[in-house]
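Colleague: I have a model open and want to learn how to read it. Can we go through it feature by feature?

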Amino acid sequence: MNIHRYYDVDIVNGPGTRCTLFVAGCEHQCRGCYNQSTWRLDSGVPFTLALEEQLIADLNDRRIPRQGLSLSGGDPLHPHNVPHIRRLVKRVRRECPGKDIWLWTGYTMAELSADQRAVVAEIDVLIDGRFIEAERDARLLWRGSRNQTIWYLRQPQGEHTEQHTAQRHADQGDPQCPGGESAMQHQ
Ligand code: SF4
């Protein structure tokens, strides 16, 4: 699996302070995608064991407490990425107690294969669906277009109030993720 960016401290892509990984590979080709450079599976750089170890250590670093891990791209549920992401999320579950895992995919929940569902079984929140330009709404949080759904699989939705999150975005200004608004697209 290749990745494009890893942020060890991120307050844009999901609630709280997080670690965020943008993977390579996406087959959805949404019109208006800000992340086209991530579409090819061979774009970016390899996700190494050393980086995986760093990610686990960052999540457990008490000096900068992280709420959890965000997985985006590209598409973490691209079939090529699924075995790698499954291994990673299982490891985070096992070695990083108390950390939540958010994942953005262009597939809808109904489209997921058994292998993709095995990943979803390990995470806390799934944001699904392609980015549809005609459905775009800049007021949405964690999503780029209205067709996308936030599935709170383990946590009550009330823990992530939109007002609280909107204020953080306003405070921070520009997102620090690649493509700026891209983090809110298929996401
Ligand atoms: S918006 Fe997301 S799902 Fe759609 S093509 Fe771009 S990276 Fe893929």
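**Reading the core, the sheet and the loops**

Modeller: Start with the core. The largest nonpolar core holds 31 residues, and those touching the most other members are Ile3, Val89, Val92, Ile101, Leu103, Val119 and Ile123. Two or more residues each come from strand 2, helix 1, strand 4, helix 2, strand 5 (100-104), helix 3 (114-120) and strand 6. Keep in mind that this is a predicted model.

Colleague: Which element gives the most to this core?

Modeller: Helix 2 does, with 5 residues.

Colleague: Which residues does Val119 touch, leaving aside those up to four places away in sequence?

Modeller: Contact here means C-beta atoms within 7 Å. With residues up to four places away left out, Val119 touches Leu77, Val82, Ile85, Arg86 and Val89.

Colleague: Zoom out. What pattern does the chain follow along the sequence?

Modeller: Count the elements, then read their order. There are 4 helices and 7 strands. The order is β-β-β-α-β-α-β-α-β-β-α. Of the chain's 187 residues, 41% count as buried. Among contacts with a separation of 6 or more, 68% are between residues 24 or more positions apart.

Colleague: Now the sheet. In what order do the strands lie?

Modeller: Sheet order need not be sequence order, so follow the pairing, where two strands need at least two bridges. Here the open sheet of 7 strands reads 3-1-2-4-5-6-7, and the pairing is mixed. Strand 3 and strand 7 are the edges; each has a single partner strand, so one side of each has no neighbour in the sheet.

Colleague: How many bridges join strand 2 to strand 4?

Modeller: There are 5, and the two strands run parallel. For one residue pair, look at Phe22: its bridge partner in strand 4 is Ser72.

Colleague: What does helix 1 lie across?

Modeller: Read a packing angle between N-to-C directions, from 0 to 180 degrees. Helix 1 (residues 49-59) lies across strand 1 (2-10), strand 2 and strand 4. Its angle to strand 2 is about 155°.

Colleague: Next, backbone oddities. Where is the cis peptide bond?

Modeller: Check omega. The cis bond joins Gly73 and Gly74, with omega about 15°. Gly74 sits in the loop between strand 4 (68-72) and helix 2 (82-95).

Colleague: Which residue has a C-alpha atom 5.8 Å from that of Gly74?

Modeller: Trp39, which is 35 residues away along the chain. Trp39 belongs to the loop between strand 2 and strand 3. With 19 other C-beta atoms within 10 Å, Trp39 is partly exposed, because buried starts at 20. Leaving out residues up to four places away in sequence, Trp39 touches Cys26 and Gln29.

Colleague: Stay with Gln29. What is its phi?

Modeller: Look at the sign. Gln29 is not a glycine, yet its phi is positive, about 50°. Gln29 is in the loop between strand 2 (18-23) and strand 3 (45-46).

Colleague: Trp142 has a positive phi too. Is Trp142 buried or exposed?

Modeller: Count the C-beta neighbours inside 10 Å. Trp142 has 20, so it counts as buried. Its phi is about 70°, and it is not a glycine. Trp142 lies in the loop between strand 6 (125-128) and strand 7 (149-152).

Colleague: And why does Gln29 count as exposed?

Modeller: Gln29 has 10 C-beta neighbours inside 10 Å, so it counts as exposed. The cut-off for exposed is 12 or fewer.

Conventions. Residues numbered from 1 in each chain as written. Predicted model: local features only at pLDDT ≥ 70, side-chain atom pairs only at ≥ 80, totals over all residues. Contact = placed C-beta atoms within 7 Å. Core = buried A, V, L, I, M, F, W, Y, C linked by C-beta atoms within 7 Å.
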